[in-house]
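User: I am new to this structure and would like to know the reasoning behind the labels. Could you walk me through it?

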Amino acid sequence: DFDKWLQTLWQLRDNYYPGDVGFDPLGFKPTDPVKFADIQTRELQNGRLAMLGVAGMCAQELVNHRTIFETFEFYQKVYSGGNPYAECVGDSLIC
């Protein structure tokens with residue numbers, strides 16, 4: 001049974017439609033083709049926006065040499081009136 005599944009793993013079904021993998025447990029998929037196309041477009045735009053957001057976080061990590069969580073902690077200290085550089089050792093500004 002596993003061998004049969006492995007052989008058909010990467011083959012498209014005859015009734016396959018892009019964006020419709022048959023998983024809709026809550027019944028959100030519209031039955032109207034026009035509304036379905038609209039939902040497809042919204043999902044694509046949402047995914048592209050998410051990829052831009054992740055790219056921005058990666059760029060920020062490359063620039064300030066801190067992870068996103070370290071940057072969050074840093075600005076929590078800044079906005080609470082604390083000195084974010086108090087724990088730095090020596091002349092290093094990145095700690």
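**How the labels are earned**

Analyst: Happy to! Let us begin with helix H2: at 1.5 Å a residue its 32 residues should span 46 Å, and its end C-alpha atoms are 47 Å apart, so the two values agree. Please keep in mind that this is a predicted model.

User: How do you know that H3 has the span expected of a helix?

Analyst: The same kind of check works here. H3 has 12 residues, and the span expected at 1.5 Å a residue is 16 Å. From its first C-alpha to its last, H3 reaches 16 Å, which is close to that expectation.

User: What makes Asp 38 and Arg 42 a salt bridge?

Analyst: The cut-off is a side-chain nitrogen of Lys or Arg within 4 Å of a carboxyl oxygen of Asp or Glu. The side chains of Asp 38 and Arg 42 meet at 3.2 Å, N to O, so the pair satisfies the rule. The structure holds 1 salt bridge.

User: Where do Asp 38 and Arg 42 sit relative to one another in the helix?

Analyst: Both belong to helix H2, which covers residues 33-64, and being 4 residues apart they are separated by about one helical turn. In general, an α-helix has 3.6 residues a turn, so residues three or four places apart point the same way.

User: Why is Asp 38 called partly exposed, and why is Arg 42 called exposed?

Analyst: Exposed means over 50% relative accessible area, buried means under 20%, and partly exposed lies in between. Asp 38 has 35%, so it is partly exposed. Arg 42 has 51%, so it is exposed.

User: How many aromatic pairs are there? And why is the pair of Phe 74 and Tyr 75 called edge-to-face?

Analyst: The count comes to 4 aromatic pairs. In Phe 74 and Tyr 75 the ring centres are 5.1 Å apart and the planes stand at 90 degrees. Centres within 6.5 Å make a pair, and planes over 60 degrees apart count as edge-to-face, so the label follows. Of the two residues, Phe 74 is buried, with a relative accessible area of 12%, while Tyr 75 is partly exposed at 39%.

User: What makes Phe 74 and Tyr 85 an edge-to-face pair?

Analyst: Their ring centres are 5.5 Å apart and their planes meet at 70 degrees, so this pair is edge-to-face as well. Phe 74 lies in helix H3 (residues 68-79) and Tyr 85 in the segment after H3, so the pair ties together parts that are 11 residues apart in sequence. Tyr 85 counts as partly exposed, at 37% relative accessibility. Ring pairs link Phe 74, Tyr 75, Tyr 79 and Tyr 85 into a cluster.

User: How do you know that Arg 66 lies over the face of Phe 74?

Analyst: Arg 66 is at 4.4 Å from the ring centre of Phe 74. The distance cut-off is 6 Å, with a further limit of 35 degrees from the ring normal. Lys 29 also lies over a ring face, that of Phe 36, at 5.5 Å from the ring centre.

User: What makes the phi of His 65 worth pointing out?

Analyst: Its phi is near 60 degrees, a positive value in a residue other than glycine. Most residues other than glycine have a negative phi. His 65 follows H2 and lies in the loop between H2 and H3. With a relative accessible area of 55%, His 65 is exposed. Gly 81, which follows H3, has a positive phi too, near 90 degrees.

User: Which residues form the nonpolar patch on the surface?

Analyst: They are Phe 2, Trp 5, Leu 6, Leu 9 and Trp 10, with about 640 Å² of accessible area together. A patch takes residues with over 30% relative accessible area. Phe 2, in helix H1 (residues 2-7), counts as exposed at 55%. Leu 9, in the loop between H1 and H2, is partly exposed at 32%.

User: Why is Pro 30 called buried or exposed?

Analyst: Pro 30 counts as buried, because its relative accessibility is 18% and the cut-off for buried is under 20%. Pro 30 is placed in the loop between H1 and H2.

Note on methods. Residues are numbered from 1 along each chain as its sequence is written. This is a predicted model: local features need pLDDT of at least 70, side-chain atom pairs count only at pLDDT 80 or more; totals for chains, interfaces and linings use all residues. Side-chain values use heavy atoms; hydrogens and water are left out. Helices (H or I, at least four residues) and strands (E, at least two) are DSSP runs, numbered from the N terminus. Buried means under 20% relative accessible area, exposed over 50%, partly exposed in between (1.4 Å probe, protein chains only). Rings of Phe, Tyr and Trp (its six-membered ring) pair if their centres lie within 6.5 Å; planes under 30 degrees apart count as stacked, over 60 as edge-to-face and the rest as tilted. The expected span of a helix is 1.5 Å times one less than its number of residues. Patches are made of residues with over 30% relative accessible area and no salt bridge: like charges are joined within 9 Å, nonpolar side chains (Val, Leu, Ile, Met, Phe, Trp, Tyr) within 5 Å. Accessible areas come from the Shrake-Rupley method with a 1.4 Å probe; for residues, only the protein chains shown count as cover.
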